[in-house]
Amino acid sequence: MGLIDVQKAIKESIQTEKDAMDFYKYGAERMMEDKARNTFKILAREEYQHAESFYRIYPGDDIPSFQEFMNAPPNTESDWWKGLQSLLMQDFDERKALELAIEQEDALEKELREMAAEIDDPEISKVYLANATSTHNHLAVSYTHLRAHETLRSISYAVFCLNRGGGGG
C-alpha cells in the first residue's frame with residue numbers, strides 16, 4: 001500500500017472511530033437503563049482513544065487539531081449515525097441499540113484486521129491490530145449486556161405471569 005493510500009486509510013479510520021464515538025455518545029443520552037448508558041459512555045471514550053491512536057500516526061496535515069476534529073458535529077452520512085437515527089425513528093430501546101452496536105463493531109473489527117494485513121509498515125499495522133482487538137472486546141461487552149438485558153426481560157415476564165396466577169410449564 002503506497003503512502004497516499006496509507007494516509008487516506010488512516011484518515012478514514014480516524015473518521016470511523018469518531019463516527020462510532022458519536023453513536024455511543026448520542027446513544028447513551030437516550031438510554032433509560034443506567035448500566036446500558038454507562039456501557040455506551042465507556043465505549044464512546046474508548047472510540048475516542050482509538051481515533052487518537054490513528055491521529056498520532058497520521059502523516060497528513062489536513063486535519064485540524066485532534067480536539068477540534070473530535071468536537072465537530074456527527075457525520076450524518078456514516079453508517080453508525082444512520083443506524084442510530086433509524087432506531088430513534090422507531091421505538092428506541094437498549095436491546096435494539098446493543099444489537100446495532102454488535103453489528104457495527106463486528107464489521108469494524110473485520111475491516112481493521114483487513115487493513116492491518118494490507119499495510120506494509122509494521123508500526124502502522126500494529127495500531128490497526130490493537131484497535132481490532134479492542135473492537136473485539138467492545139463486541140464482547142455489548143453482547144454480554146444484550147444477554148443480561150434479555151435475561152432480565154425474561155425474568156420480569158416470568159414474575160409478571162406468576163403474580164397474575166400463571167404458572168407456565
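Which helix supplies the largest share of the lining of the largest cavity? The points below take up that matter after the overall fold.

1. Status and fold. The coordinates are those of a predicted model. The protein has six helices and zero strands, and along the sequence the pattern reads α-α-α-α-α-α.

2. Burial and surface. Of the 169 residues in the protein, 40% are buried. The accessible surface is about 9,700 Å², and carbon and sulfur atoms account for 54% of that area. If contacts are restricted to residues at least 6 apart in sequence, 73% of them join residues at least 24 apart.

3. The cavity. With a threshold of 30 Å³ or more, the count is one cavity. The volume of the largest cavity is about 30 Å³. Its lining consists of Asp19, Asp22, Phe23, Pro74, Asn75, Ser78, Trp80 and Trp81. By class, the lining holds four nonpolar, two polar and two charged residues.

4. Where the lining comes from. The opening question is settled here: α1 gives the largest share of the lining, three residues. Both α1 (3-30) and α4 (79-89) supply at least two lining residues each.

5. Leucine 100. This residue lies in helix α5, which covers residues 94-118. Leucine 100 has a relative accessible area of 13% and is therefore buried, the cut-off being under 20%. Beyond its neighbours within four places in sequence, leucine 100 is in contact with Phe23, Gly83, Leu84 and Leu87. Phe23 also appears in the lining of the largest cavity. For leucine 84, the separation from leucine 100 is 16 residues in sequence and 8.0 Å in space, C-alpha to C-alpha.

6. Phenylalanine 92. The loop between α4 and α5 holds phenylalanine 92. With neighbours within four places in sequence set aside, the contacts of phenylalanine 92 are Gly27, Arg30, Met31, Leu84, Leu87 and Ala97. Leu84 and Leu87 are also among the contacts of leucine 100. Phenylalanine 92 and methionine 31 are 61 residues apart along the chain, and 8.7 Å separates their C-alpha atoms.

7. Helix α2, geometry. What span should the 24 residues of helix α2 have at 1.5 Å a residue? The expected value is 34 Å, and the end C-alpha atoms of α2 (residues 34-57) are 35 Å apart, so the two agree.

8. Helix α2, burial. The buried residues in α2 are Ala36, Thr39, Phe40, Leu43, Ala44, Glu47, His50, Ala51, Ser53 and Phe54. Asparagine 38 is found in α2 as well. Its relative accessibility is 41%, so asparagine 38 counts as partly exposed, a class that lies between 20% and 50%. The C-alpha atoms of asparagine 38 and alanine 28 are 7.2 Å apart in space, with the two positions 10 residues apart in sequence numbering.

9. Serine 134. Is serine 134 buried or exposed? Its relative accessibility of 18% is under the 20% cut-off, so serine 134 counts as buried. The residue is located in helix α6 (residues 122-163). Apart from neighbours within four places in sequence, serine 134 is in contact with Glu46 and His50. His50 is one of the buried residues of α2.

Conventions:
Residues numbered from 1 in each chain as written. Predicted model: local features only at pLDDT ≥ 70, side-chain atom pairs only at ≥ 80, totals over all residues. Heavy atoms only, no water. 1 Å grid on protein atoms, 1.4 Å probe; cavity = no way out; pocket = protein on both sides within 12 Å on 5 of 7 lines; lining within 4 Å. Points joined across faces, edges and corners; volume = space filled by probe spheres on them. Helix = DSSP H or I, 4+ residues; strand = E, 2+ residues; numbered from the N terminus. Nonpolar A, V, L, I, M, F, W, Y, C, P; charged D, E, K, R; others polar. Buried < 20%, exposed > 50% of the residue type's maximum accessible area, 1.4 Å probe, protein only. Contact = heavy atoms within 4.5 Å. Areas by Shrake-Rupley, 256 points an atom, 1.4 Å probe, with all protein chains shown as cover. Expected span 1.5 Å × (residues − 1).
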